[in-house]
Amino acid sequence: MKSEDIIHNLIYVTDKPGPSDPVSAPALKTLDWPLDEYGPWSEWKYASLVNPHVDGQVWQIDPIWIERRNRVEICRKASLLFHQFPSDPCGLIGWYKMKNFELSCIRTAVESIRLNVNPEEAMEAVGGING
């Protein structure tokens, strides 16, 4: 996609996506970054969610890695939220997110057993390993 197409599909809370928008600004900042250079991504605010660089190997941004890492991070934050506010309505959001992640793990486990997939590969698919 071109940058203009991406900008029109972003979620934003101000009048339009821009550097002052707290939701779309991080995405806008990365639109022109090279997808095969680790340097800019390693300095990013969300660098902990980016796939690691291995010396001697060609690096490229990996959206699947980011999605898996985000899934684990959201579950971790949801657990903290739920345990911090167990009887508040916001705690229900944390509980829902935790259960959603658990359901994803259970589905992956069942499908892995059915397809005779290596357990380590199955856990990696849901973000349980390397996360």
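S24 is found in the loop between α1 (3–8) and α2 (25–30), where helices (H or I, at least four residues) and strands (E, at least two) are DSSP runs numbered from the N terminus. S24 is buried, with a relative accessible area of 1%; here buried means under 20% relative accessible area, exposed means over 50%, and partly exposed is in between, for a 1.4 Å probe and protein chains only. Leaving aside residues up to four places away in sequence, S24 touches L10, I11, Y12, P17 and G18, a contact being heavy atoms within 4.5 Å.

The model is predicted, so that local features need pLDDT of at least 70 and side-chain atom pairs count only at pLDDT 80 or more, while totals for chains, interfaces and linings use all residues. Residues are numbered from 1 along each chain as its sequence is written, and side-chain values use heavy atoms, with hydrogens and water left out.

**Overall form**

The protein has six helices and zero strands, which gives the pattern α-α-α-α-α-α when read along the sequence. Its C-alpha atoms fill a box of roughly 45 × 40 × 25 Å along the principal axes. The radius of gyration of the protein is 18 Å, whereas a compact globule of 131 residues would have a value near 14 Å; this radius is taken over C-alpha atoms, and the globule rule is 2.2 Å times the number of residues to the power 0.38. Of the 131 residues, 24% are buried, and among the contacts with a separation of 6 or more, 21% are between residues 24 or more positions apart.

**Helices α5 and α6**

Helix α5 covers residues 89–115, and its 27 residues should span 39 Å at 1.5 Å a residue, which agrees with the 39 Å between its end C-alpha atoms; the expected span is 1.5 Å times one less than the number of residues. Within α5, G91, G94, M98, F101, T108 and S112 are buried. The helix is followed by N116, whose phi is positive, near 60°.

Helix α6 (residues 119–126) contains A125, which counts as partly exposed at 32% relative accessibility. Apart from residues up to four places away in sequence, A125 touches R68, R71 and T108, the last of these being one of the buried residues of α5. The C-alpha atoms of A125 and W65 are separated by 9.3 Å, although the two residues are 60 residues apart along the chain.

**Aromatic pairs and nonpolar cores**

The structure holds five aromatic pairs, a pair being rings of Phe, Tyr and Trp (its six-membered ring) with centres within 6.5 Å, and with planes under 30 degrees apart counted as stacked, over 60 as edge-to-face and the rest as tilted. Two of these pairs are set out here.

| Pair | Centre to centre | Angle between planes | Type |
|---|---|---|---|
| W33 and W41 | 5.0 Å | 85° | edge-to-face |
| Y38 and W59 | 5.2 Å | 70° | edge-to-face |

The pair of Y38 and W59 links distant parts of the chain, 21 residues apart, with Y38 in helix α3 (residues 38–42) and W59 in the loop between α3 and α4 (63–84). Y38 is partly exposed, with a relative accessible area of 29%, whereas W59 counts as buried at 6%. Both W33 and W41 are buried, and these two form one aromatic cluster together with W44 and Y46.

In soluble globular proteins, nonpolar side chains tend to be buried together. The largest nonpolar core here has six residues, namely W33, W41, W44, V50, W59 and I61; such a core is a set of buried Ala, Val, Leu, Ile, Met, Phe, Trp, Tyr and Cys residues joined through side-chain atoms within 4.5 Å. Not counting residues up to four places away in sequence, I61 touches L35, W41, V50, N51 and I66. Apart from the largest core lies another, of five residues, among them V72, C75, A78 and M98.

**Cysteines**

A disulfide is a covalent bond between the sulfur atoms of two cysteines. With a disulfide taken as a pair of cysteine sulfur atoms within 2.5 Å, the count comes to zero. The closest cysteine sulfur to that of C75 is in C105, 7.4 Å away, which is too far for a bond, and C105 is accordingly in no disulfide. C75 is buried, with a relative accessible area of 14%, while C105 counts as partly exposed at 21% relative accessibility.
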